[in-house]
Amino acid sequence: MIDLNGNTVRVEKALYDLSLLDFIRDHALLKGTKYGCGQGLCGACTVHLDGAAQRACQLSMSEVLGRNVTTIEGLSALTDGDGLHPVQQAWITEAVPQCGYCQPGQLMTAAALLSENPVPNDADIRAGMNGNICRCGTYDRIRRAVARAARET
Amino acid sequence: MENIVRNISIDRRKFLINSGWLAAGLTVLTSCKGVFAVLPTTANPEIEDGLSWVQLMPDGRIRFLCPRMEMGQGAPLGLSQIVAEELNLEQSQIECVSPASNQSPPFKMTVGSESIALFSEPVSRGAANLREHLRQQAARETALPIGQLKDATGGFDAVGRFIGYGELVPAEVTLLMPEQNDTVAQYFYTRAEARRIVGKSWRSPDLENIVTGKTIYSRDVSLPGMLYGDVIRPPRFDATLVDAKDIGAEAMPGVEAVVIDTSNSLLGVVAKSPLLLADALKRIEPVWRFGNSTASADELEVTRYRARDDFEHTLVDEGNSAANDVISVRSVSANYTTSYMAHAAMEPRAAVAWVTEENVKIWCGCQDPYFIRGRIAALLERDEEEVVVHPLRMGGGFGGRILSQPAEEAALLSARVGRPVGVQWDRETEFQHNYFQPKFSHAIDSGLDAKGKIAYWRHDFVSSPIIFGLVPRGLAPILDTFIADKGTARGARMPYQVGQQRVRYSDIRTEVPTGAWRGLGAAPNTFAIESMMDELAFAIGEDPLTFRLAHLAGAGGHMEPLATVLRRVGDVSGWGRSTPKNRGRGVACAIYKGQTHVAVVADVAIDHGERQVKVLRLWCVQNCGLVVNPDQVENQVLGNLMWGCGMALEEKLTISDGIANERNFDGYNILRHNEAPEAVIKLVKTARAKPLAVGEAAFAPAVAAIANAAFAASGKRPRALPFDYDSLYA
């Protein structure tokens with residue numbers, strides 16, 4: 001079993017070797033977590049494992065049994081109230097996305113970064129976000145949005 | 001102006017029915033232009049085309065069937081604003097949808113930074129015609145003179161009474177066919193300074209779905225009963241499938257079909273789960289034939305062609321350049337090269353196809369749904385009308401999705417099983433089996449006269465076809481003989497006033513598949529031109545910005561817009577101030593597609609301790625005419641500047657043994673957060689009345705400005721891209 005966005009989900013033994021990413025997308029049918037490289041190089045598949053940002057493509061189901069997994073679909077539930085998570089709100093205010101494909105991963109990394117370090121400086125943001133590639137090149141806006149979310153939380 | 005058409009042909013009516021027009025409503029419609037099958041859709045929109053894209057829905061809202069594909073550039077939002085300007089709409093009153101291929105007549109593929117520049121006019125006209133028709137209708141219903149129906153948000157003010165568009169929806173499906181050369185006022189143009197919506201930074205309605213993970217890309221499409229397919233792809237560019245043997249794939253539980261189709265060079269499996277595919281493919285043994293008659297990529301060296309004085313095309317030959325009596329007091333010659341590059345969009349491509357006896361349905365992200373439709377119809381030997389392509393938002397395009405290879409693979413597999421089949425490329429396939437930006441090899445000889453003006457400029461370069469990179473192999477030899485590829489030459493016509501000028505090039509087709517990539521030849525060609533301009537300035541100790549301005553003066557002032565952005569970027573960047581040791585400023589400018597003027601200044605640092613070249617900051621001033629959505633334009637400029645950093649310092653695809661060596665983001669580097677500089681972006685307010693190209697414009701000068709800044713910081717000239725600390729100090 002795993003806890004996926006607050007729901008207990010049974011994992012059959014036959015799926016223990018499956019990657020968490022494949023499980024999330026093809027078995028739980030949550031499509032917000034993206035495949036980008038399959039090798040932990042791009043960050044598109046970032047989820048939270050017990051609150052820490054992790055690459056879902058690099059984890060097997062046997063490694064995450066009994067643990068809490070949060071995907072982009074569950075991010076807003078981490079905050080009080082019905083609204084979006086502060087990073088999601090900041091992403092909209094700064095109009096960050098272009099194609100948008102990498103952004104769920106960027107958001108998950110940013111949310112984990114802020115929960116560890118609520119007041120990051122520019123160097124902290126760069127270092128914390130460095131594993132997430134954005135081909136459209138929205139880096140400047142991502143940094144502004146992370147800083148905004150930190151300010152407004 | 002009686003322009004209501006009820007007896008429309010079945011051919012025209014079908015687009016309406018397909019887009020939901022079974023009941024009441026009003027739309028405007030135009031002719032369906034024929035497009036040659038299986039070639040990219042290249043016809044420019046005609047002014048009447050806009051009429052088929054705007055519909056009034058029964059609830060009074062407007063549906064805009066956007067004729068541009070969304071890949072992050074935001075064109076549908078900008079065009080929606082133009083519709084809203086004409087029809088006086090709030091953002092909530094317009095719904096922008098991407099039409100399936102049977103819901104709109106074919107429209108030009110989404111390329112070339114022209115979505116707003118080229119489509120604003122027909123979209124504006126279509127919406128304006130609808131507005132004026134509705135005003136007439138309101139006049140009839142109120143028995144008021146038409147002049148008393150004033151514009152109001154979402155309808156008209158009839159002497160104090162509001163009439164919403166919803167009250168004007170006719171009882172039956174109605175089409176407008178405006179008169180030729182009508183004089184309907186297009187507010188987009190006539191309101192000029194009084195525009196209400198154009199010029200505002202509307203936020204995309206897609207943002208919330210993106211940040212909550214709800215946006216559907218090709219890879220996220222899931223249909224009931226869907227199967228999964230994968231294909232063994234050729235181990236080299238020149239491989240053709242001759243035969244194959246199934247050594248146990250079909251016998252695997254969960255495998256639905258093994259498809260060995262030598263006529264289409266396709267070898268694949270279909271299974272119930274995507275997790276079975278890799279194992280199943282291992283149980284098929286392909287037999288390949290290798291070799292074709294095209295040139296090797298190694299031949300793309302300008303020195304080889306210069307030695308034979310053999311260039312296929314002369315782009316410019318002005319001022320008697322053949323004469324040998326040019327007087328110059330200082331000559332400079334240099335060669336510049338750029339690399340093969342990949343699109344490396346974050347979304348590896350994917351598609352779902354569902355082939356039945358009745359029809360063929362395709363879901364994929366693509367820049368040209370009508371090209372995809374034509375190719376799949378030809379592949380399956382079906383009528384084009386039977387094939388429907390449902391285009392989806394792309395996770396990045398950059399010229400790389402003119403084709404949708406997984407759609408073709410899925411179609412062939414689905415044809416065998418009769419059920420929907422999804423094919424998802426992995427990252428390795430995305431790097432190795434698409435087409436690429438060709439490498440470029442340049443040589444420029446130039447000389448200065450005693451006054452420091454360029455006396456002559458002789459630029460030769462060799463690369464591969466880009467616009468015609470995707471033509472079928474059989475057609476290529478004929479085409480290559482007669483056509484100079486304008487994509488390869490994009491940006492090669494430099495803007496400066498010089499005594500004599502000659503620009504020649506050859507577009508050589510090689511083993512390596514090449515095609516559209518952001519800006520086509522603009523970035524490689526601008527890098528060469530703007531590097532040489534820098535070399536010339538330094539050769540005589542002139543300031544590089546001043547040197548450029550001196551060569552933009554005169555000639556009737558037609559280079560004044562470029563001079564203006566150069567001066568502005570000098571102002572905003574504090575150009576001319578001294579820089580610390582190991583820091584340098586570089587400048588470059590360019591005109592994109594003859595319309596958009598851009599200048600960039602880069603601030604580069606050399607870190608000897610870490611052995612790194614770092615771009616600290618970029619300043620960009622751009623004149624792209626009328627700006628429909630400033631925030632979207634600035635985001636596009638930002639992306640272009642980041643691509644400039646990537647091309648200058650990171651991106652290189654290498655070829656050995658007929659295949660790309662790079663397979664993932666560890667071998668092929670793109671820019672990351674810690675390398676991404678701050679960017680200062682200024683859009684010039686302009687008297688120009690039309691929007692101009694944005695999506696690729698700032699990229700080319702950014703590359704060159706970084707190279708020039710690296711020279712200023714190090715005294716070493718980067719002439720081969722990408723460059724790094726080690727290559728600079730080699």
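Start at the interface between the two chains: select 42 residues of chain A and 44 residues of chain B, which make up the contact. Two residues are in contact here if their C-beta atoms, placed from the backbone, lie within 7 Å. On the chain A side, α1 (20-27), α3 (86-93), α4 (103-116), α5 (122-129) and α6 (139-152) each supply at least two residues. Helices (H or I, at least four residues) and strands (E, at least two) are DSSP runs, numbered from the N terminus. Coloured by class, the side of chain A that touches chain B divides into 22 nonpolar, 12 polar and 8 charged residues. Ala, Val, Leu, Ile, Met, Phe, Trp, Tyr, Cys and Pro count as nonpolar, Asp, Glu, Lys and Arg as charged, and the others, Gly among them, as polar.

The model is predicted: local features need pLDDT of at least 70 and side-chain atom pairs count only at pLDDT 80 or more, while totals for chains, interfaces and linings use all residues. Residues are numbered from 1 along each chain as its sequence is written, and chains are lettered from A and ligands numbered from 1 in the order in which they are written.

**Chain A**

Next, colour chain A by domain: domain 1 covers 2-74 and domain 2 covers 79-152. Domain bounds come from an automatic or database domain assignment. The C-alpha centres of these two domains of chain A lie 20 Å apart. Across their boundary, 15 residues of domain 1 are in contact with 12 residues of domain 2. On the domain 1 side, β3 (46-49) and β4 (52-55) are the elements of chain A that give two or more residues, and β3(A) has the largest share, 3 residues. That side of domain 1 divides into 7 nonpolar, 7 polar and 1 charged.

Now select R67(A), in the loop between α2 (61-64) and β5 (68-70) of chain A. R67(A) counts as partly exposed because it has 15 C-beta neighbours inside 10 Å. A residue is buried if 20 or more other C-beta atoms lie within 10 Å of its own, exposed if 12 or fewer, and partly exposed in between. Apart from neighbours within four places in sequence, R67(A) is in contact with I2(A), L49(A) and D50(A). Show L4(A) as well: L4(A) and R67(A) are 63 residues apart in sequence, with 8.6 Å from C-alpha to C-alpha.

**Chain B: domains**

Move to chain B, whose domain assignment gives domain 1 (4-209), domain 2 (218-291 + 349-424) and domain 3 (297-341 + 436-728). Between the first two of these, 17 residues of domain 1 are in contact with 21 residues of domain 2. The domain 1 side of this contact divides into 10 nonpolar, 6 polar and 1 charged.

**Chain B: the five-stranded sheet**

Select the open sheet of 5 strands, in the order β15-β23-β22-β21-β16 (chain B), with mixed pairing. Two strands pair if DSSP finds at least two bridges between them. β15 (313-318) and β16 (330-338) of chain B each have a single partner strand, so one side of each is left without a neighbour in the sheet. The twist averages 5° from one strand to the next. Axes are lines fitted to C-alpha atoms, for helices over the stretch in contact, and angles run from 0 to 180 degrees between N-to-C directions. Inside the sheet, β21 (440-448) and β22 (454-463) of chain B pair in the antiparallel sense over 8 bridges. To check the register, pick S446(B): its bridge partner in β22(B) is W457(B). Then add helix α12 (522-539) of chain B, which packs on the sheet and touches β16, β21 and β22, at about 150° to β16(B).

**Chain B: the four-stranded sheet**

The next selection is an open sheet of 4 strands, ordered β24-β25-β26-β29 (chain B), with mixed pairing. Its edge strands are β24 (583-592) and β29 (678-683) of chain B, each pairing on one side only. Here the twist averages 15° from one strand to the next. β25 (596-607) and β26 (612-623) of chain B pair in the antiparallel sense over 11 bridges, and D607(B) stands opposite Q612(B) in β26(B). Helix α14 (560-573) of chain B lies across β24, β25, β26 and β29, at about 130° to β26(B). Helix α16 (699-714) of chain B packs on the sheet too, touching β24, β25 and β26, at about 155° to β24(B).

**The nonpolar core**

Finish with the largest nonpolar core, of 265 residues, in which I362(B), V600(B), C620(B) and I706(B) touch the most other members. Such a core is a set of buried Ala, Val, Leu, Ile, Met, Phe, Trp, Tyr and Cys residues joined through C-beta atoms within 7 Å. α16(B) supplies the largest share of this core, 12 residues. Centre the view on I362(B): beyond four places in sequence, its contacts include A351(B), I372(B), V388(B), H390(B) and A411(B).
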